[in-house]
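Dear colleague,

Please find the structure below, with the sequence alongside. My notes on what was found follow it.

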Amino acid sequence: LDGTPRKNETKKEKDIEDLSDFDFSDMLSNFNNIQISEEVRAALQNDNAVVSLESTIITHGMPYPQNVKCALEVEAVVRDQGAVPATVAIVQGQIRVGLDENELTRLGDVQKSRPIKTSRRDLAYVVGKGLNGGTTVSGTLVLAKKVGIPVFATGGIGGVHREGETTLDISADLTELGKCGVAVVSSGVKSILDIPKTLEYLETEGVFVATFGDTTDFPAFYSRKSGCHAPYSVETAAEAAKIIHWNRTLNLQSGMLFAVPVPEQFAFDENVINDVIAEALEDAKRNGIRGKEITPFLLGRIGEITAGKSLETSILRYRSQVTFLVATGKSGNAAGC
Ligand code: PSU
Ligand code: MN
């Protein structure tokens, strides 16, 4: 009552012991309609760290073949940190948790694979029709929760779109975060979105939000700061792991968002990237782009504008991919919880 935080160490140790007795093999055998790779299955059964990864970023977030290269590099970053990557996607109607290099490459060749951007609402359709699907953050979180993967990493999550108060365009990522119980690690939210409204919405959904590091400045993917503040910051992976632990122990069911700012050396000049985003947003408006097409359109335009302009901006484009890699690599630490 004097404001000194009480330590919950003894209880924590006991709960971790209880969790380690949990029999995953029972749980995994219930998912005949979800194909889990051998590597991921073994890691889950042995209680080793697993990081789930989305696939819309591959199918709708970057052009081929850079998308495949990036996806494989991200998996390598996760492996380097001692965790097992579990890229989630739908291959000919089969839900897959953990894809091999060959499958990732075929999925990423979108002219041939014709994947559907698959959020929660699209899952049954894509499976029922036997189609290929790149799962969004929300689609991936549904499946990560089903198979018991508690940690997920991506570049930037979806959010409340600009003018969302009139369009009601609010990504299903936010409502899924509200009920998935999974810890999401990202480089924040791109400023193609309305970041203050996105943070408000996350609060309404009961999502714990923290930046990673010694500041609460919420990052904007390409840059380290958005001008908005996260309610909390955590300074170490161990601290993050403790919060993940208590979220689970209290059976809160809601997800958590850990925002890792892009390292200084990879950060974009804020003015440069904001101009690019403004141009992309105008193009979207002029072309009447709506609904699920908006995010892929904006990401595509940002890629085109930055790569097309000058050597400097094409280097920035390259950096954005490295940004994604580094942010994802951090999640490997968080997964060691
Ligand atoms: N934001 C990004 N990069 C992305 C996405 C969002 O900075 O690749 C993708 C993610 O898969 C995310 C989805 O889940 O777009 C959100 O789409 P929408 O805005 O239509 O909900
Ligand atoms: Mn939308």
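Strand 9 (residues 208–212) and strand 11 (residues 256–259) run parallel and are joined by four bridges, where strands are DSSP E runs of at least two residues, numbered from the N terminus, and helices are H or I runs of at least four. Strands count as paired if DSSP finds at least two bridges between them. Ala-210 has Phe-258 as its bridge partner in strand 11. Strand 9 also pairs in the parallel sense with strand 10 (residues 232–234), over three bridges; there, Phe-212 is partnered by Val-234.

This is a predicted model, in which local features need pLDDT of at least 70 and side-chain atom pairs count only at pLDDT 80 or more, while totals for chains, interfaces and linings use all residues. Residues are numbered from 1 along each chain as its sequence is written, and chains are lettered from A and ligands numbered from 1 in the order in which they are written.

Five of the five residues of strand 9 are buried, that is, 20 or more other C-beta atoms, placed from the backbone, lie within 10 Å of their own (exposed: 12 or fewer; partly exposed: in between). Phe-208, Ala-210 and Phe-212 point one way, and Val-209 and Thr-211 the other.

Around ligand 1 there are 18 residues, counted if the C-beta atom, placed from the backbone, lies within 6 Å of the ligand. Gly-61, Val-137, Gly-156, Gly-158 and Ser-171 come nearest. Elements that give two or more residues to this shell are helix 4 (56–59), helix 9 (137–147), helix 11 (172–177) and helix 15 (294–309).

Yours sincerely
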